[in-house]
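User: I am new to this structure and would like to understand the reasons behind the labels given to its parts. Could you take me through them step by step?

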Amino acid sequence: MAKVKLIDVSKVYKGNVRAVSDFNLEIEDGEFIIFVGPSGCGKSTTLRMIAGLEEITSGKIYIGDTLVNNIEPKDRDIAMVFQNYALYPHMSVFDNLGYSLKCHHEKKEVIKEKVEKVAKLLNIQELLDRKPRELSGGQRQRVALGRCLIRQPKAFLFDEPLSNLDAKLRVQMRSEISKLHKQVQGTFIYVTHDQTEAMTMGDRIVVMKDGFVQQIDTPVNLYEHPVNIFVATFLGSPQMNIFKVKLNKDKLYFSDHIYLKLSEKTKNKMIDGYDGKTLSLGIRPSDFDIANKSSYDFCIEKIDLVEKLGNETLLYLTLPGREESTIVSLKLDMADDLKGPIYLKVNKDKIHLFNEDDESILKINDYNFIPSKMSLENDILHIDNKYQIDNFSNKCVLSEIKQLDNGYIRIASDAFKTKKLSKDDYVIEVEVRAKDVRSKSNVYFAKKVKDNIRITFTCPKDEHYELGDKVKLYVPINEISICDSDKNVLMVDENIVKPIIDANIEMYGKEYYLVTQDKQFSKNNKYLLVEKIYDLNSKMLLRVINQKNETLTLKINKNNDFFNGLMIYTKYKKAKK
Ligand code: ADP
């Protein structure tokens, strides 16, 4: 089994149909990963690119340590299960299972032994003599699975394998595939449009929309911390209710008089700067509950519809801030007697808030910006007269900085350590205000002691802090980025290769050229292969490879021609392949 890695993978079909854009993912050895999203979002295309059935327009795919971009599907050592089973109709189940071993000239006894072992694993021992047409849908799907399991491929790919089965069989096969994954401990990549399948089977889920990855995380984290409204409403059934509300200090107004007060926890998780703004509020049906007369959030005079589903009861009702019905899910025993006005409360620690771009404004794993004073002397950057970064010109993109009184340092929330690693570490003391539990770590929302700057930090699950705890956090100095007063990052990671060359995009006739002091690059003569683009607000850094296979870094003033020019170079990259 092997890791699978996709780097900046894109696919544009003929007719300029952009099916997949900038797909980045590292799948662990033995991981069960699911691609999910509505029809047409690019799931199958991505899977087929991994399998080699579809050419990659740009980017790189690795299976194990091998770059497979130019490797034939049959040589990629992967196994694929399709929706339509793709069994050989004229062969028996035994021969279907053993076919690939036979092609590899395996001895008869070995084939027999392996086929019988797999047949036992899938409980199809009795069917070995039958032809595919003599099998039910579920049995055929099992044979298709068996055909993959018989070899030990580097990865198993599944393209909606259960969508032709009836509902009952689908549920059964779902758990069987999960069990199989545990038994064979293989790398499984599984495509589905069914959110229940995704939520119940995968270690991690990749949610896609219109060819773009929206979020990659464990099922629990996706459900509890969706990054945008699309992910929030795609996962979970019945769907999350979304309301238009206005934030005023610590209250969310549905209408002039109806509001929800934010909980301390939610307040501490929110990104600043949204007071007075219209937001989208998300409440999952299961985060409502029956309340009593003295402490409720909503009093409902009339319920439009009640659906008793056995294990839960759904209420459909009308609330301000939303035209559609609001769905409330109650535990069975609570919904037994629902006459007259009912009082509802909301679990306010579990609400979701999104800005006008539909993005969550509850912090997840993000960057902290800490105001700092900086000065540069003899190529050493001093931060707050306490810390220093040596050889600064090698790491900084704007050599003109000498002194920054109102700059920021940027620290990723997962860069903080709770133990000192070196005497040069950057140190900050914070007070814990709220906590989120994630599958692999805990996220704490805190404030810097003394000056109230908000800090988010993550730490391993076995380290616990309570609200009000004071914690000292340490960061290795090389994990700090320097930003100007507009929070533009002035440093780039060490992958940036010196020298940084100033360049411009210029147009001559109909052609765009990238022009540096001593060279012009165009699509026809000297070409450049664009490896990476850094967006630094007013400028762009382009890491490129020239004909001599040297890496250069070009710094370009951003203007409207930038992307036109860039098209040429990325286009050229495709032509070269
Ligand atoms: P999904 O598997 O998520 O349903 P696909 O990967 O099949 O989505 O398709 C993504 C997009 O690419 C869709 O817009 C689809 O119409 C388009 N597409 C898929 N295959 C081709 C093809 N062979 N030629 C042109 N467009 C295609």
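User: What makes Lys 267 and Asp 250 a salt bridge?

Analyst: In this predicted model, the side chains of Lys 267 and Asp 250 come to 4.0 Å, N to O. A salt bridge asks for a side-chain nitrogen of Lys or Arg within 4 Å of a carboxyl oxygen of Asp or Glu, so a pair of this kind qualifies. Lys 267 belongs to helix α9 (residues 264-269) and Asp 250 to the loop between β11 and β12, so the contact ties together parts that are 17 residues apart in sequence. Salt bridges with shared partners join Asp 250, Lys 261, Glu 264 and Lys 267 into one network.

User: How do you know that Lys 261 also pairs with Asp 250?

Analyst: Their side chains meet at 3.8 Å, N to O, in a salt bridge, the cut-off being 4 Å. Since Lys 261 is in strand β13 (residues 259-261) and Asp 250 in the loop between β11 and β12 (251-253), this pair ties together parts that are 11 residues apart in sequence. A search of the whole structure finds 19 salt bridges.

User: Why is Asp 250 called buried, and why is Lys 261 called partly exposed?

Analyst: Buried means under 20% relative accessible area, exposed over 50%, and partly exposed in between. Asp 250 has a relative accessible area of 19%, and therefore counts as buried. Lys 261 has 44%, so the label for Lys 261 is partly exposed, and Lys 267, at 28% relative accessibility, is likewise partly exposed.

User: What makes Lys 74 exposed, and which residue does Lys 74 form a salt bridge with?

Analyst: Lys 74 counts as exposed because its relative accessibility is 68%, where exposed means over 50%. The salt-bridge partner of Lys 74 is Asp 75, with the closest N and O atoms 3.4 Å apart; Asp 75 has a relative accessible area of 47% and is therefore partly exposed.

User: Why is Arg 322 said to have no salt bridge?

Analyst: The nearest side chain of opposite charge, that of Glu 324, is 4.0 Å away, and Arg 322, which is buried, has no salt bridge. Arg 322 is found in the loop between β18 (312-317) and β19 (326-331). The side chain of Arg 322 does reach the backbone oxygen of Ile 242 at 3.2 Å, and a polar atom of that side chain lies 2.9 Å from the backbone oxygen of Ser 325.

User: What makes the backbone of Gln 185 worth a remark?

Analyst: Most residues other than glycine have a negative phi. Gln 185 is not a glycine, yet has a positive phi of about 50°. Gln 185 lies in the loop between α5 (167-184) and β8 (188-192), and with 59% relative accessibility it counts as exposed.

User: What is said of the peptide bond from Ser 237 to Pro 238?

Analyst: Most peptide bonds are trans. The one from Ser 237 to Pro 238 is cis, with omega near -5°, and Pro 238 lies in the loop between α8 (229-234) and β11 (241-248).

User: How do you know which side chains make polar contacts with the ligand?

Analyst: A polar contact is a pair of N or O atoms within 3.5 Å. A polar side-chain atom of Ser 44 lies 2.7 Å from an oxygen atom of the ligand, and an N or O atom in the side chain of Thr 45 is 2.5 Å from a ligand oxygen. The protein covers 60% of the 560 Å² of accessible area that the ligand has on its own.

Notes:
Residues are numbered from 1 along each chain as its sequence is written. This is a predicted model: local features need pLDDT of at least 70, side-chain atom pairs count only at pLDDT 80 or more; totals for chains, interfaces and linings use all residues. Side-chain values use heavy atoms; hydrogens and water are left out. A polar contact is a pair of N or O atoms within 3.5 Å; within protein, one must be able to donate a hydrogen and the other to accept it, and residues adjacent in sequence count only if both atoms are side-chain atoms. Accessible areas come from the Shrake-Rupley method with a 1.4 Å probe; for residues, only the protein chains shown count as cover. Helices (H or I, at least four residues) and strands (E, at least two) are DSSP runs, numbered from the N terminus. Buried means under 20% relative accessible area, exposed over 50%, partly exposed in between (1.4 Å probe, protein chains only). Lys and Arg count as positive and Asp and Glu as negative; His and the chain ends are not counted.
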